[in-house]
Amino acid sequence: MISVLPACRVDRAAADASATAWALAARGGDPDAADHFVRALHGDVLRYVARLSGDPQTAHDLAQDTFARAFGSLHRYEGRASARTWLLSIARRTVADSLRRAAVRPRIADTTDWQTAVERTQPCGLPGFDDGVALLDLLETLPGQRREAFVLTQVVGLSYEEAAGHLGCPVGTVRSRVSRARATLGRLLQEADAPGGHAA
């Protein structure tokens, strides 16, 4: 009997192979390959840093910083891991560094946050808007390791094996973290859907 991988996994494997080839070509100085490399993985990096940092407002800056770091160390990239895995490990360090800097940076009070003001003027009644905000809020309630495993596998789309390699832990640990994250999210969603209920 011949086993066939699901089409989405085959497509993603082909996309990973292409991104890795572009990264290696960019390392050799091909500007078109560098552009393809960024376009292929920018969305994944953006989603990952937004969920990991818990601050969608800074996601674009974090993604830009991730790519700047990646191009700064591209000469050392040899393609042993996929370009996606390599880039997400850089993104993880970028977010960690950003959180460390924010922890020691003094907070400025009584300043106008123009981005928040603009966002508040946008219509909130669009289909799916409230659901998306609610999901982001629920993801932020998860412990860091569970949230990261969930985002890598359920949002970014890495396999459990790839996520384990990225996180430096056994596959079983990733499966356990994702399972617990799902259970927590499911419970919170049930509480939110209950009459008069709301997620903690």
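Good morning. I begin with threonine T184, which is found in helix α9, the helix that covers residues 171–193. Please bear in mind throughout that this is a predicted model.

Is T184 buried or exposed? Its relative accessibility is 17%, and since buried means under 20% relative accessible area, T184 counts as buried. Leaving aside neighbours within four places in sequence, T184 is in contact with L142 and R146. There is also a distance to note here: the C-alpha atoms of T184 and L139 are separated by 9.5 Å, although these positions lie 45 residues apart along the chain in terms of their separation.

Let us stay with helix α9 for a moment, as L188 lies there too. With a relative accessibility of 4%, L188 counts as buried. Its C-alpha atom and that of T141 are separated by 9.7 Å, and the two residues are 47 residues apart along the chain.

I now turn to the chain as a whole. How many helices and how many strands does the secondary structure of the protein chain come to? The count is nine helices and zero strands. Read along the sequence, the pattern is accordingly written α-α-α-α-α-α-α-α-α. The protein chain has 200 residues, of which 34% count as buried. As for contacts, consider those in the protein chain with a separation of 6 or more: residues 24 or more positions apart account for 62% of them.

The next topic is a pair of helices. Helix α2 spans residues 31–53 and helix α3 spans residues 59–72; the two pack with their axes 8 Å apart, at an angle of about 130°. Why are they described as oblique? An angle of about 130° falls outside the ranges for roughly parallel, roughly antiparallel and roughly perpendicular, and α2 and α3 are therefore oblique to each other. The crossing of α2 and α3 is right-handed.

Which residues make this contact? On the α2 side they are A34, F37, V38, L41, H42, V45, L46, V49, A50 and S53. On the α3 side they are A59, H60, L62, A63, T66, F67 and F71. Sorted by class, the contact of α2 with α3 has 13 nonpolar residues, four polar residues and no charged residues.

I close with two residues that touch each other, D16 and S82. The place of D16 is in helix α1, which runs over residues 7–27. D16 is buried, having a relative accessible area of 7%. What joins the side chains of D16 and R84? It is a polar contact of 2.5 Å. Not counting residues up to four places away in sequence, D16 touches S82, R84 and E162.

S82, for its part, is placed in the loop between α3 and α4, where α4 covers residues 83–104. At 18% relative accessibility, S82 counts as buried. The side chains of S82 and T85 are joined by a polar contact of 3.0 Å. With residues up to four places away in sequence not counted, S82 touches D16, T20 and Y77.

To review the last part on the displayed model: D16 belongs to helix α1, S82 belongs to the loop between α3 and α4, and each of them appears among the contacts of the other. Thank you for your attention.

Technical notes:
Residues are numbered from 1 along each chain as its sequence is written. This is a predicted model: local features need pLDDT of at least 70, side-chain atom pairs count only at pLDDT 80 or more; totals for chains, interfaces and linings use all residues. Side-chain values use heavy atoms; hydrogens and water are left out. Axes are lines fitted to C-alpha atoms, for helices over the stretch in contact, and angles run from 0 to 180 degrees between N-to-C directions. Helices (H or I, at least four residues) and strands (E, at least two) are DSSP runs, numbered from the N terminus. Angles under 35 degrees count as roughly parallel, over 145 as roughly antiparallel, 65 to 115 as roughly perpendicular and the rest as oblique. A crossing is left-handed if the near helix is turned anticlockwise from the far one by less than a right angle, and right-handed if clockwise. Contact means heavy atoms within 4.5 Å. Ala, Val, Leu, Ile, Met, Phe, Trp, Tyr, Cys and Pro count as nonpolar, Asp, Glu, Lys and Arg as charged, and the others, Gly among them, as polar. Buried means under 20% relative accessible area, exposed over 50%, partly exposed in between (1.4 Å probe, protein chains only). A polar contact is a pair of N or O atoms within 3.5 Å; within protein, one must be able to donate a hydrogen and the other to accept it, and residues adjacent in sequence count only if both atoms are side-chain atoms.
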